[in-house]
Amino acid sequence: ELPRPQGQLSVDNLHFTIQGTSKFALRAVTIRLDPGQALGVVGPSGAGKSTLMRILAGVLRPAAGAVRLDGADIQHWPRALLGNHIGYLPQDIELFADTVAANISRFPPDADADIVKAAQMAGVHDMILKLPQGYNTQVGDGGAILSGGYRQRIGLARAVFGIPSLVVLDEPSSNLDADGDAALASCMAGLKTLGSTVVIVSHRPATLGAVDKILFLKDGAVEAFGPRDQIAARLTPKRPAGMPETANG
């Protein structure tokens, strides 16, 4: 059993092929992140963003290359142990037909303090207290009794439960309002302070403002990777000379 990783993330020459074809969904992706850094992943639809996130979370196995935490290939970790060190929020959030508390904690016993801490980090603690039975509220199949925003915030709490070394968030703000966006930004800041490495797919300026680096994917390949402000400047269309700043001039 390896020690708990600090969160140094290395993606080395990563390739992934679409099942049943020879087409690459990801090609030669290489990135580095230090513990406590946050990376924003952007790119057009079909660029391979969600595929990359699934590989980082250990859900998919790459065709070539490796994802390493503190130098160790995550595919070499025992699955039961790896789950303690990686938090994952997919686009399609699946909640179990159980209590809010059980969905956040992933079912370990005697985890009440960590459940509340995770909910507070995700900015959903006060919302949970207003449910009919609070943390003991049954959410129904797939979280049927909850709105999309509630499910997303509870999914975020599950992703940060136990303060994993690596937190992977795929479009975590798609169902969030302004308050939810603010809670997400606060959560990311808290994770970074605690030393967690965060990788997030998002196009919202409020979310990307909290990252240290940006990765721009296109057709499965790295088009740009580097410090946030530097990459954001490259991706922002330049206004022609003499063009007014607003349509009304």
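Biologist: Before we start on the pockets, what counts as a helix or a strand here?

Modeller: This is a predicted model. Helices and strands are DSSP runs, numbered from the N terminus. A helix needs at least four residues, and a strand needs at least two.

Biologist: Which element supplies the largest share of the lining of the largest pocket?

Modeller: The largest pocket holds about 550 Å³ of space. Its lining has 21 residues, and among the closest to the centre are Ile86 and Tyr88. Helix H2 (79-82), strand E6 (86-89) and helix H6 (148-160) each supply at least two lining residues. The largest share, 3 residues, comes from E6.

Biologist: How many residues of the lining of the largest pocket are nonpolar?

Modeller: Take the other classes before the nonpolar one. The lining includes 5 polar and 5 charged residues. The nonpolar residues number 11.

Biologist: Which element gives the largest share of the lining of the second largest pocket?

Modeller: The second largest pocket has a volume of about 200 Å³. It is lined by 17 residues, with Gly46, Ala47, Gly48, Lys49 and Thr51 nearest its centre. Strand E2 (24-33) and helix H1 (49-56) each give two or more residues to this lining. The largest share, 3 residues, comes from H1.

Biologist: How many residues of the lining of the second largest pocket are polar?

Modeller: This lining has 5 nonpolar residues and 5 charged ones. The polar residues number 7.

Biologist: Now the charged pairs. How many residues apart in sequence are the parts tied by arginine 32 and aspartate 12?

Modeller: The two side chains meet in a salt bridge, at 2.8 Å from N to O. Arginine 32 lies in strand E2 and aspartate 12 in strand E1 (residues 9-17), so the pair ties together parts separated in sequence by 20 residues.

Biologist: Which residues form the salt bridge network with Asp12?

Modeller: The search of the whole structure finds 5 salt bridges. A network of them links Asp12 with Arg32 and Arg68.

Biologist: Is aspartate 181 buried or exposed?

Modeller: Aspartate 181 forms a salt bridge with arginine 204, with the closest N and O atoms 2.6 Å apart. Arginine 204 is partly exposed, at 26%. Buried means under 20% relative accessible area. Aspartate 181 has 13%, so it counts as buried.

Biologist: Is aspartate 229 buried or exposed?

Modeller: Aspartate 229 forms a salt bridge with arginine 228, the closest N and O atoms being 3.0 Å apart. Arginine 228 is partly exposed, at 25%. Exposed means over 50%. Aspartate 229 has a relative accessible area of 54%, so it is exposed.

Conventions
Residues numbered from 1 in each chain as written. Predicted model: local features only at pLDDT ≥ 70, side-chain atom pairs only at ≥ 80, totals over all residues. Heavy atoms only, no water. 1 Å grid on protein atoms, 1.4 Å probe; cavity = no way out; pocket = protein on both sides within 12 Å on 5 of 7 lines; lining within 4 Å. Points joined across faces, edges and corners; volume = space filled by probe spheres on them. Nonpolar A, V, L, I, M, F, W, Y, C, P; charged D, E, K, R; others polar. Salt bridge = Lys/Arg side-chain N within 4 Å of Asp/Glu carboxyl O. Buried < 20%, exposed > 50% of the residue type's maximum accessible area, 1.4 Å probe, protein only.
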